[in-house]
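Please open the structure in your viewer and keep the selection tool at hand. The tour proceeds by stops, each beginning with a selection.

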Amino acid sequence: MRLNPIAYPALALSLLATAAPALEIEPEVVAQGLQNPWAVAFLPDGSFLVTERPGRMRVIDSKGALGQPLSGLPAIAAGGQGGLLDVVLDSDFAQNRTLYFCYSEPGNNASNSTALAKARLSSDQRQLEDLQVLFSQKPKKASQLHFGCRIVERPDGSLLLTLGERSHFKEEAQNLQSHLGKIVRIGKDGSVPKDNPFVGRRDALPEIWSYGHRSPQGAALAPDGTFWMNEHGPQGGDEINRPEPGKNYGWPVITYGENYGGGRIGAGITHQKGMEQPVHQWTPSIAVSGMAFITSDRYPGWKGNMVVGALKPQRLERITLAAGKVTGVEPLLPQLGQRVRDVRQGPDGWLYVLTDRSNGQLLRLKTQP
């Protein structure tokens with residue numbers, strides 16, 4: 001159904017595109033009544049698999065009807081920024097019905113950490129079967145912040161998982177004997193790929209792919225197969241990065257942000273030898289969230305663009321790229337009035353957005369004929 005024009009004034013917008021014709025985008029409500037939805041995946045039958053942060057996963061049919069929460073989930077430490085977070089389908093889901101999801105895993109004495117699990121969706125789409133935890137972030141900490149938790153399957157079949165540094169433990173992002181503030185790479189059976197950058201080093205955990213990250217919020221593969229992600233800075237300094245194996249992305253040694261309320265972080269520097277610069281940074285922060293690349297022809301002139309959610313201004317950002325660099329940033333849906341948590345391109349080529357609130361929505365972004 002279409003948005004109620006009274007509840008959503010002026011959401012049918014003429015959006016001016018950088019070096020592209022104006023596109024008139026109309027968000028359609030596919031489903032509503034979701035409690036803080038966090039991620040959406042697209043099932044082969046045209047339905048949607050959605051996670052809700054309080055600890056529920058459910059199927060939404062193609063007409064927008066919400067199914068009952070699936071059974072078979074593990075124990076989840078829901079609270080603050082933690083809960084049931086990302087979900088992705090295996091590249092061979094049509095044959096094996098396997099999916100991967102990440103969540104805040106409870107530990108002892110109110111501690112928790114990010115974990116990655118796989119399971120099989122039952123044929124009746126009512127439960128998860130054969131649950132297996134593939135990875136559990138160490139060490140666990142007593143925190144409800146900065147879980148990270150975006151999953152990407154690489155073209156070689158390995159899995160990348162983004163991990164936050166749990167906020168109060170930012171120095172751990174530079175510690176190679178800790179998973180905090182890292183991106184890790186594992187096999188679909190939880191094994192460590194032999195070509196991971198730190199395999200064989202006694203001073204580093206072998207799962208680590210890259211380090212020096214703060215609070216990853218979005219991740220996606222570009223059309224050329226390269227891996228991109230975004231992360232929250234503190235007060236200022238939200239970043240887009242293209243993490244490469246073994247490289248250090250600087251947090252908290254270098255940052256374009258500052259402490260909340262003001263004051264420098266560490267030495268207050270933005271560059272240091274051996275540490276990577278972001279591809280792009282926002283100061284002031286926009287509170288980045290999910291990200292996707294447009295590969296379809298649904299949005300004339302936008303093919304190859306990146307789209308990033310922005311929690312704070314409650315909109316999307318369309319980002320143009322050339323030779324691996326950002327060449328333009330354009331706000332989309334500036335009057336949405338809801339926090340954008342996830343954005344994905346569906347099999348039909350349209351962009352889909354999840355809004356993060358107690359009565360969250362799944363929206364389809366269509367162009368006017």
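Begin by selecting Phe48, which stands opposite Ile60 in β5. The model on the screen is a predicted one. Next, extend the selection to residues 48-52, which make up strand β4. Strands β4 and β5 run antiparallel, and 5 bridges join them.

Now display the whole sheet around this pair. It is an open sheet of 3 strands, in the order β3-β4-β5, and the pairing is antiparallel. Select residues 37-42 for β3 and 56-60 for β5: these are the edge strands, and each of them pairs on one side only. On average, neighbouring strands of this sheet are turned by 20° against each other, with direction ignored. As a general point, the strands of a sheet pair through backbone hydrogen bonds, either parallel or antiparallel.

The following stop is Asn112, located in strand β8, which covers residues 112-121. Is Asn112 buried or exposed? Its relative accessibility is 7%, and because the limit for buried is under 20%, Asn112 counts as buried. Show the side chain of Asn112 together with Ser143: a polar atom of that side chain lies 3.1 Å from the backbone oxygen of Ser143.

Finally, turn to the empty space inside the model. How many cavities of 30 Å³ or more does the structure hold? There are 3, and the largest cavity contains about 70 Å³ of space. To find the largest cavity, select its lining residues, among them Gly212, Arg214, Glu231, His232, Tyr249 and Trp251. Sorted by class, the lining of this cavity has 4 nonpolar, 5 polar and 3 charged residues.

Key:
Residues are numbered from 1 along each chain as its sequence is written. This is a predicted model: local features need pLDDT of at least 70, side-chain atom pairs count only at pLDDT 80 or more; totals for chains, interfaces and linings use all residues. Side-chain values use heavy atoms; hydrogens and water are left out. Two strands pair if DSSP finds at least two bridges between them. Helices (H or I, at least four residues) and strands (E, at least two) are DSSP runs, numbered from the N terminus. Axes are lines fitted to C-alpha atoms, for helices over the stretch in contact, and angles run from 0 to 180 degrees between N-to-C directions. On a 1 Å grid over the protein atoms alone, a cavity is a set of points where a 1.4 Å probe fits but cannot get out, and a pocket is an open set with protein on both sides within 12 Å along at least five of seven lines; lining residues have an atom within 4 Å of a point. Grid points are joined across faces, edges and corners, and a volume is the space filled by probe spheres set on the points. Ala, Val, Leu, Ile, Met, Phe, Trp, Tyr, Cys and Pro count as nonpolar, Asp, Glu, Lys and Arg as charged, and the others, Gly among them, as polar. Buried means under 20% relative accessible area, exposed over 50%, partly exposed in between (1.4 Å probe, protein chains only). A polar contact is a pair of N or O atoms within 3.5 Å; within protein, one must be able to donate a hydrogen and the other to accept it, and residues adjacent in sequence count only if both atoms are side-chain atoms.
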